[in-house]
Amino acid sequence: MTTTTTAHTNIALIKYWGKKDPQLHLPYTDSLSLTLDGYSTTTTTQFLPGRQDQVQVNGHPASPAFFQRVVNFLDLVRQVNHSQKGILVQTTNQVPTAAGLASSASGFAALAGSLNRLFQMNLTPTQLSCLARRGSGSASRSIFGGFVRWQHGTGDFDSYALPIDEHPQLPLTLLSVVFNGQAKKVSSTQGMEQAVQTSPFYPQWPQIVERDLDEMLLAIQKQDIAEIGQLAESNCLAMHALNWTARPFFTYFTAETWQLINLLPIWRQRGVLVYATVDAGPNVKLITNQETLPVVRKLVQSKFPQAQLTTLYPGPGLT
Ligand code: DP6
């Protein structure tokens, strides 16, 4: 038997940055994301005759580090199911891996979904979200479509994501600006650990998130894209400030990231609706609406002719 599942990546509008339990991926704070239609991962799993696992990514054997991460996840699922069978995992990414486009989110959500079918576990979406979280925190949110909130919870069984609005009707549009598809140097796991342990501002972070999250929920309710963008940008910069103030400091921004971010207030002064969010990589996701998208595209193209631009809309949960 083979089972196939597709999951879409999500972009955090209120970021997850810091774990109180690194083993279980239990975050210090809630976070809020939008699942996207463009970047996805499709994963097929099947049992192998022996005990050895095999992991293929886009038709090639996985790197040793990724293989180990997947095997750890398989071990977890085998343990729950009292199984020792080897598993073949074949995964196809429509996401530039490790370019700050959250491929681990769609990857572990798709893997959790596929294993749920393979082992016939019949998990509810909430339980699936908990399981996906064990692979990668942000994967907990990719189980659902649209706007999703991951509640931090108190333990393994109540730290899961819930949909806020699975089919948003507002004309929110994202433009992904990829300067550099190469792998980041500091993984998000490492980066958040360093920020938690050493940034003198980390104790402020839970309060910032709580406030931003409340305001974001209101902005979503009002379908106010400018307010959503403003809050997402501000929350993102607060997250990156934790990294700049870590000891030693580190950053995911490159000169191009900064160059684009610095242009935004100038464009906004000219009346263009555009805000930015950046994850654990140099690339930028611009937040705008359907009507303004052509203007934003032109502006970005004129300044960054080499950048790869992709338009993204709200997308579905696991299929
Ligand atoms: C900046 O979910 O990749 O994208 O739980 O260690 O796998 P692990 O981290 P991961 O971190 C995502 C961080 C972020 C913000 C976010 O998606 O909320």
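## Close-up views of a predicted model

**View 1. Helix 6 buries Ile225, Ile228, Gly229, Leu231, Ala232, Glu233, Asn235, Cys236, Met239, His240, Leu242 and Asn243.** Buried means under 20% relative accessible area, exposed over 50%, and partly exposed in between, with a 1.4 Å probe and protein chains only. This is a predicted model, in which local features need pLDDT of at least 70 and side-chain atom pairs count only at pLDDT 80 or more, while totals for chains, interfaces and linings use all residues. Residues are numbered from 1 along each chain as its sequence is written, and side-chain values use heavy atoms, with hydrogens and water left out. Helix 6 covers residues 225-244, 20 residues in total. From first C-alpha to last, helix 6 reaches 28 Å, close to the 28 Å expected at 1.5 Å a residue. The expected span is 1.5 Å times one less than the number of residues. Helices (H or I, at least four residues) and strands (E, at least two) are DSSP runs, numbered from the N terminus. An α-helix has 3.6 residues a turn, so residues three or four places apart point the same way.

**View 2. Asp224 caps the N-terminal end of helix 6.** A side-chain oxygen of Asp224 sits 3.3 Å from the backbone nitrogen of Ala226. A polar contact is a pair of N or O atoms within 3.5 Å; within protein, one must be able to donate a hydrogen and the other to accept it, and residues adjacent in sequence count only if both atoms are side-chain atoms.

**View 3. Asp212 is buried in helix 5.** Helix 5 spans residues 205-221. Asp212 has 2% relative accessibility, so it counts as buried. Its side chain makes a polar contact of 3.1 Å with the side chain of Arg211. Beyond four places in sequence, Asp212 is in contact with Ile14, Leu231 and Asn235. Contact means heavy atoms within 4.5 Å. Of these partners, Leu231 and Asn235 are among the buried residues of helix 6.

**View 4. The ligand has 18 residues around it.** A residue is near the ligand if one of its heavy atoms lies within 4 Å. Tyr16, Lys19, Ser136, Ser138 and Thr189 come nearest. Helix 4 (residues 188-198) gives the largest share of the shell, three residues. By class, the shell holds six nonpolar, seven polar and five charged residues. Ala, Val, Leu, Ile, Met, Phe, Trp, Tyr, Cys and Pro count as nonpolar, Asp, Glu, Lys and Arg as charged, and the others, Gly among them, as polar.

**View 5. Ligand oxygens meet Tyr16, Gly137 and Thr189.** A ligand oxygen is 2.6 Å from a side-chain N or O atom of Tyr16. For Thr189, the distance from a ligand oxygen to a side-chain N or O atom is 2.6 Å. At Gly137, a polar backbone atom is 2.7 Å from a ligand oxygen. Taken alone the ligand exposes 460 Å², and the protein buries 97% of that. Accessible areas come from the Shrake-Rupley method with a 1.4 Å probe; for residues, only the protein chains shown count as cover.

**View 6. Leu299 of helix 8 touches Trp267, Arg270 and Val272.** Residues up to four places away in sequence are not counted. Helix 8 covers residues 293-303. Leu299 counts as buried because its relative accessibility is 17%. The C-alpha atoms of Leu299 and Trp267 are 8.6 Å apart, across 32 residues of chain.

**View 7. The peptide bond from Arg247 to Pro248 is cis.** Its omega is near 0 degrees. Pro248 lies in the loop between helix 6 and helix 7 (255-269).
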